[in-house]
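Welcome! Here is a friendly walk through one protein chain, taken a few spots at a time. Have a look at the picture first, and then read on.

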Amino acid sequence: MEEKLQAAAYARVSTEKDDQVDSLASQKSYFANYISSQRNMELSKVYFDEGISGTQTSKRNGFNQMIKDALSGKFNLILTKEVSRFARNTVDTLSYTRRLKEAGVGVIFTIDNIDTRDSDGELRLTIMAGLAQEESRKTSERVKWGQQRRMEQGVVFGRDMLGYTVKNGMLFINPEEVPVIRAIFHKYTNEGKGAHVIARELFEEGLRSKRSSLWSDTVILRVLRNEKYVGDLCQKKTFTPDYLTHKKKVNCGEEEKIYIKDHHEAIIDRDLWNRTQAERKQRSPSAAQKARHSSRYWCSGKICCGECGSRFVSRTKKLKTGIYKAWRCYRAANHGILKTDADGREIGCNNNSINERALFACMKYCVNLICQNRKQLRRELLSDIQAVFGEQITLIDEDMIRQKLDAIEEKKQKSFDAMLEGMLTEGDLKKQIEWYDDELSRLQMLIEENEQNNKQYSRQKEQIDDLEKTLDEILSFREDNEMLYREILEKIVVYGESQRGCNRLVVWFRSLPFGIRLKIRSAGVGEEYHTEVLELEFVQ
């Protein structure tokens with residue numbers, strides 16, 4: 001009696017549960033009938049994938065398991081209905097069928113009437129695979145064309161974001177998150193704060209970002225450059241250059257972007273938006289390189305006016321006693337004292353200038369103050385830093401969860417086999433599949449949540465390590481060094497003071513959760529110039 005060939009079947013089915021059961025049952029019935037009409041075949045197992053594109057095989061678990069089992073000798077024939085079901089990538093199709101043929105495993109495409117064991121099987125397969133790949137290309141182009149037309153009509157493609165929710169292709173304002181967006185733009189443009197400071201302040205205020213419990217420079221800058229907050233819509237910021245890999249790429253001009261002005265309700269007004277973009281451009285590294293004198297001094301770009309929010313600029317004068325160098329509010333330097341122009345706008349500023357040597361003396365004083373009791377201060381600051389980050393993130397055993405996932409997948413597969421053998425009704429199978437899918441979803445969510453926690457834990461640890469390193473650098477500092485001052489200084493805010501020769505200012509160091517408020521009096525000429533601290537306090 002002739003030994004029967006052990007045949008496996010492969011199918012790709014819909015992601016909808018009802019359609020999935022019906023389609024799978026239908027395809028199993030089809031393969032069972034096909035094999036029953038062949039005297040030398042016996043069905044070994046049915047492998048399947050749920051709604052995954054045929055253009056790539058990397059994510060098709062059922063397909064990959066079938067290839068693995070075939071190469072290990074569990075069966076010697078694979079049945080599938082069409083070449084497009086097996087793969088829509090010509091290279092993948094030929095590569096896998098050749099590997100299988102070398103291992104003594106043939107592939108039969110029943111509807112396309114191709115058997116890779118035949119002498120002309122590969123030629124016919126090459127033609128059909130090429131047609132399947134071409135159909136995928138045409139489908140991809142049709143989908144992209146349709147999406148572009150809808151984008152031009154103003155349909156939004158994307159997910160919810162901070163400040164907006166996306167529903168039925170439209171953007172709707174989330175009122176609860178509007179104050180956060182406005183605070184970010186105000187702090188950056190009107191108060192002159194950097195992305196790092198804004199992220200720290202939002203976290204300390206107990207506010208949360210959309211997808212993470214932590215704020216970062218990247219998140220803040222992403223908000224500041226997102227045109228949706230001014231009511232505009234820009235789409236096709238990314239594109240898919242290869243329909244076979246489906247990998248997205250940042251659109252740097254390869255394809256035309258679609259920009260619609262005043263598309264939806266804005267959260268910030270256009271004046272603030274324009275000023276913010278100008279500020280971003282001014283602060284960008286490229287802008288700093290173009291501005292020859294933008295970082296000439298240790299405090300360049302880091303002195304802010306506490307009265308009007310403008311930057312302080314350097315002013316140098318040649319006097320008989322030598323060169324006098326000071327810093328002055330930009331508005332005061334260009335327009336003089338505070339007044340109203342012909343259009344009713346306020347111009348100028350009443351803030352005082354501050355001598356360069358007085359600034360340097362303040363920095364030296366603050367650094368020495370911090371260094372007086374380094375060990376105790378280090379412990380207190382590290383304790384504060386840990387408190388800001390909150391409780392330590394708990395991670396789960398991901399390997400154990402993945403083992404449970406594999407076990408459920410195996411049970412799910414056995415349920416389909418049980419239905420085929422008549423041990424389960426379609427109704428019972430449907431209930432079991434629903435339970436398995438729910439459990440798989442729950443476990444997958446646990447893995448995704450753990451991956452996010454793992455990334456958050458790594459970022460948190462990296463941030464704490466960086467803060468500790470910066471803190472040690474500051475606390476170990478002992479010498480006058482402009483280069484180090486440039487690195488550790490975040491900003492100095494200068495406020496107006498009516499007394500002649502006096503200034504009030506707050507010095508903020510990078511990565512430290514407090515600032516030092518000073519009132520100083522400066523006087524003298526040349527080598528006799530000195531600065532006296534009149535008042536001192538720490539501020540949060």
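Arg-521 is partly exposed, with a relative accessible area of 35%; here buried stands for under 20% relative accessible area, exposed for over 50%, and partly exposed for what lies in between, using a 1.4 Å probe and protein chains only. You will find Arg-521 in strand 20, residues 515-523. Leaving aside residues up to four places away in sequence, Arg-521 touches Gly-501, Cys-502, His-530, Thr-531, Glu-532 and Leu-534, where contact means heavy atoms within 4.5 Å. Arg-500 is 21 residues from Arg-521 along the chain, and their C-alpha atoms are separated by 8.4 Å.

Some background helps here. This is a predicted model, in which local features need pLDDT of at least 70 and side-chain atom pairs count only at pLDDT 80 or more, while totals for chains, interfaces and linings use all residues. Residues are numbered from 1 along each chain as its sequence is written, and side-chain values use heavy atoms, with hydrogens and water left out.

Now for the whole chain. Its secondary structure comes to 16 helices and 21 strands; these are DSSP runs numbered from the N terminus, with helices (H or I) of at least four residues and strands (E) of at least two. Of the 540 residues, 41% count as buried. Among contacts between residues at least 6 apart in sequence, 62% join residues at least 24 apart.

Next comes helix 9. Its 14 residues, 270-283, reach 20 Å from the first C-alpha to the last, close to the expected 20 Å, a span worked out as 1.5 Å times one less than the number of residues. Which residues of helix 9 are buried? They are Leu-272, Trp-273, Thr-276, Gln-277 and Glu-279. These residues cover an arc of only 160 degrees around the axis, so they sit on the same side of helix 9; the arc is that of the directions from the helix axis to the C-beta atoms. Lys-281 and Gln-282, on the other side of helix 9, are exposed. At the N-terminal end, Asp-269 caps helix 9, with a side-chain oxygen 3.1 Å from the backbone nitrogen of Asp-271.

The cover over the buried residues of helix 9 includes helix 6 (178-190) and helix 8 (217-224). The axes of helix 6 and helix 8 come within 10 Å and cross at roughly 95 degrees. That makes helix 6 roughly perpendicular to helix 8, a label used for angles of 65 to 115 degrees. On the helix 6 side, the contact is made by Ile-181, Ile-184, Phe-185 and Tyr-188, and on the helix 8 side by Ile-220, Val-223 and Leu-224.

After helix 8, in the loop that leads to strand 8 (233-235), is Asn-226. Is Asn-226 buried or exposed? Asn-226 counts as buried, at 13% relative accessibility. Its contacts, not counting residues up to four places away in sequence, are Met-161, Lys-237 and Trp-273. A polar atom of the Asn-226 side chain also lies 3.0 Å from the backbone nitrogen of Lys-228.

Finally, a point about the backbone. Most residues other than glycine have a negative phi. The table shows two residues with a positive phi that are not glycines.

| Residue | Phi | Loop between | Relative accessible area |
|---|---|---|---|
| Asn-168 | about 55 degrees | strand 6 (164-167) and strand 7 (170-173) | 71%, exposed |
| Asp-262 | about 50 degrees | strand 11 (258-260) and helix 9 | 56%, exposed |

Terms used. Polar contact = N/O pair within 3.5 Å; in protein donor to acceptor, adjacent residues only side chain to side chain. Axes fitted to C-alpha atoms, helices over the stretch in contact; angles between N-to-C directions. Parallel < 35°, antiparallel > 145°, perpendicular 65-115°, else oblique.
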